[in-house]
Amino acid sequence: MSYGKEGSYPIERASKLGHMKVIEHENVRRLLRQFEMVSPDSIEVPLGSCDGNVDLDAGSPIKYIITIDGGQAVIPNEIRRDKRIAFISVCAMLIRLEDIASLRNDPIIDPRDLTKMFEDRIWYQPAALPLAGIRIPGESVKDTVRHTIDAVLEYSKLYDDLHFLVYRKWNPAYDMNPASNPDAPHMNCLMCEERVYLPKYAYSFQCPNCGFHHRLSDYLGIAQQMPDNWSREEAASSLRNAMETLTLFHFVFRYWNEPKILSQILFLKDGPLLLRAQLSRLIEPIRDLVETIKAAGTKLNLVGVEKNGELVDHIEDIKKHLQKPGDYFLPSIKYMFEEVAGITFDPTRYRNRVQYGSKIVVRLGPDHVIPLDITTGNFCLNPTIADLIGFQDIAAVLSKMVSYSHENALIPVKLANSFSSISQQPSGDILQAFTDKLIS
Ligand SMILES: [Zn+2]
């Protein structure tokens with residue numbers, strides 16, 4: 001916290017900082033300001049503020065929580081350490097609120113009984129992705145990764161969800177004609193890099209320029225992020241994130257036009273509502289779907305629980321402002337940039353293509369202060385509490401879900417974690433057989 005109460009540090013170290021001061025970058029300047037701050041008087045007001053209070057005891061129509069969680073592990077071949085493969089698992093877990101209520105009445109229940117209780121409410125999907133030293137003879141690593149991702153979407157049936165999302169099938173009138181809608185789904189050809197527009201509702205399509213055969217899975221761009229001869233661990237994270245997102249929206253697609261059911265469900269994702277790199281191609285369709293549901297007068301209760309990142313890093317500061325249960329901190333994008341990250345924010349040049357929720361930190365109980373992402377539909381630079389769809393209902397329900405198993409734990413997340421964790425896989429043999437089937 002404080003670098004030396006004496007208010008000084010060795011002169012020689014100070015002079016070494018001199019030339020750093022010429023770096024005209026806000027990030028560096030902020031860093032140096034923070035570094036040089038020595039006297040207790042100069043300690044800044046803790047980050048954050050209390051922007052309002054939500055009634056956690058208000059009734060809510062939510063009866064079910066569908067939690068989406070994933071895990072991944074990189075496994076080297078025991079004998080050939082240069083061969084590495086990533087195992088990915090994604091699960092969706094359905095919890096009835098009444099089950100949790102009965103658990104609270106019986107707080108000494110064994111965690112193993114708990115697991116048994118929810119066993120049949122789990123949808124679980126494993127995948128494996130080659131990382132190094134593994135490819136099908138005659139294929140490049142990139143090809144093998146492409147074909148693997150295609151196979152994962154096929155056998156998991158998540159292909160239908162990708163199809164629904166990319167082609168915005170909730171809106172049959174969606175304009176897919178590039179002449180009138182240049183933003184219609186398109187990508188660069190994997191062979192000649194020419195722009196290719198996706199033909200309406202196609203699972204397979206050819207490049208009009210060179211004839212290269214593409215699959216809809218190529219639109220996720222996961223194989224394109226990596227060099228030719230090896231695959232990065234990032235590819236595994238991207239596939240996992242794609243699977244988590246498609247799993248989540250699988251349930252949304254099932255109920256999107258059934259307002260009564262939809263308003264009773266809380267969709268909870270373990271992690272931020274964020275899609276990076278080429279996966280961000282799914283962001284605009286997601287925002288559009290949320291807006292469509294909102295325009296129909298229905299609420300999509302969708303929340304991501306942040307486990308790391310800037311708000312988690314500053315949670316000790318932020319929680320000082322949030323004294324009472326229900327107190328929340330709702331930062332603008334400008335605040336996130338300038339105060340939290342310490343970088344310059346230019347609203348005229350900023351365009352967010354990766355988030356489908358707004359960030360909020362809320363005190364759910366005496367010991368739980370949790371950063372959440374809550375969906376808003378169209379992106380908000382300065383979100384108000386009304387923009388965060390279902391915030392009141394979501395906060396009220398989550399406040400009944402706090403767990404003391406570890407810091408800031410929530411029961412649905414903890415349950416889903418225990419199911420999706422790779423270490424829960426039955427045995428290495430089964431994993432091996434599973435991989436053989438998939439890769440060879
Ligand atoms: Zn081409």
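Two strands count as paired here if DSSP finds at least two bridges between them. With that in hand, the pairing in this predicted model is easy to follow, starting from strand β2. Five bridges join β2 to strand β9, residues 265–270, and these two strands run parallel. Within this pairing, Ile65 sits opposite Leu266 of β9. Strand β2, which covers residues 64–76, also pairs with strand β3, residues 84–96, but here the sense is antiparallel and the count is 13 bridges. Ile75 faces Ile85 of β3 across that pairing. As a general point, side chains in a regular strand alternate between the two faces of the sheet.

Stepping back to the whole chain, there are 15 helices and 15 strands. The chain has 440 residues, and 48% of them count as buried. Looking at contacts with a separation of 6 or more, 72% come from residues 24 or more positions apart. About 21,800 Å² of the chain is exposed, with carbon and sulfur atoms supplying 52% of that area.

Next comes the zinc site. The zinc ion has Cys189, Cys192, Cys207 and Cys210 as its protein donors, each through SG and lying 2.3 Å from the ion. Along the chain, these donors follow the spacing C-x2-C-x14-C-x2-C. Two of them, Cys192 and Cys207, are 15 residues apart and link distant parts of the chain: Cys192 belongs to the loop between β5 (186–188) and β6 (195–197), while Cys207 belongs to the loop between β7 (204–206) and β8. Why is the arrangement called tetrahedral? The four donor atoms subtend angles of 105 to 115° around the zinc ion, and four donors count as tetrahedral if all angles lie between 85 and 135 degrees. For reference, the ideal angle for four tetrahedral donors is 109.5 degrees. As for accessibility, Cys207 is buried because its relative accessible area is 3%, under the 20% cut-off. Cys192, at 29% relative accessibility, counts as partly exposed.

Ser217 lies in the loop that runs between β8 (213–215) and α7 (233–255). Its relative accessibility is 6%, so Ser217 counts as buried. Setting aside neighbours within four places in sequence, the contacts of Ser217 are Ile149, Asp150, Leu153, Tyr159 and Leu162. Ile149 turns up again in a pairing with Ala127: these two residues are 22 apart in sequence, and their C-alpha atoms are 8.7 Å apart in space. Ala127 belongs to strand β4, residues 122–132, and counts as buried because its relative accessibility is 1%.

The last stop is His321, found in the loop between α11 (315–318) and β11 (327–329). Buried or partly exposed, how does His321 count? With a relative accessibility of 21%, His321 counts as partly exposed, since buried means under 20%. Apart from residues up to four places away in sequence, His321 touches Val45, Pro46, Leu47, Gly48, Ser49, Cys50 and Asp327. Among these, Cys50 is 271 residues away along the chain from His321, yet the two C-alpha atoms are separated by 5.4 Å. Leu47 contributes its backbone oxygen, which lies 3.3 Å from a polar atom of the His321 side chain.

Technical notes. Residues are numbered from 1 along each chain as its sequence is written. This is a predicted model: local features need pLDDT of at least 70, side-chain atom pairs count only at pLDDT 80 or more; totals for chains, interfaces and linings use all residues. Side-chain values use heavy atoms; hydrogens and water are left out. Helices (H or I, at least four residues) and strands (E, at least two) are DSSP runs, numbered from the N terminus. Buried means under 20% relative accessible area, exposed over 50%, partly exposed in between (1.4 Å probe, protein chains only). Contact means heavy atoms within 4.5 Å. Accessible areas come from the Shrake-Rupley method with a 1.4 Å probe; for residues, only the protein chains shown count as cover. A polar contact is a pair of N or O atoms within 3.5 Å; within protein, one must be able to donate a hydrogen and the other to accept it, and residues adjacent in sequence count only if both atoms are side-chain atoms. Donors are N, O and S atoms within 2.8 Å of the metal (3.2 Å for Na, K and Ca); water is not among the atoms, so sites may look incomplete. Four donors count as tetrahedral if all angles lie between 85 and 135 degrees; four count as square planar and six as octahedral if opposite donors are over 155 degrees apart and all others between 65 and 115; anything else is irregular.
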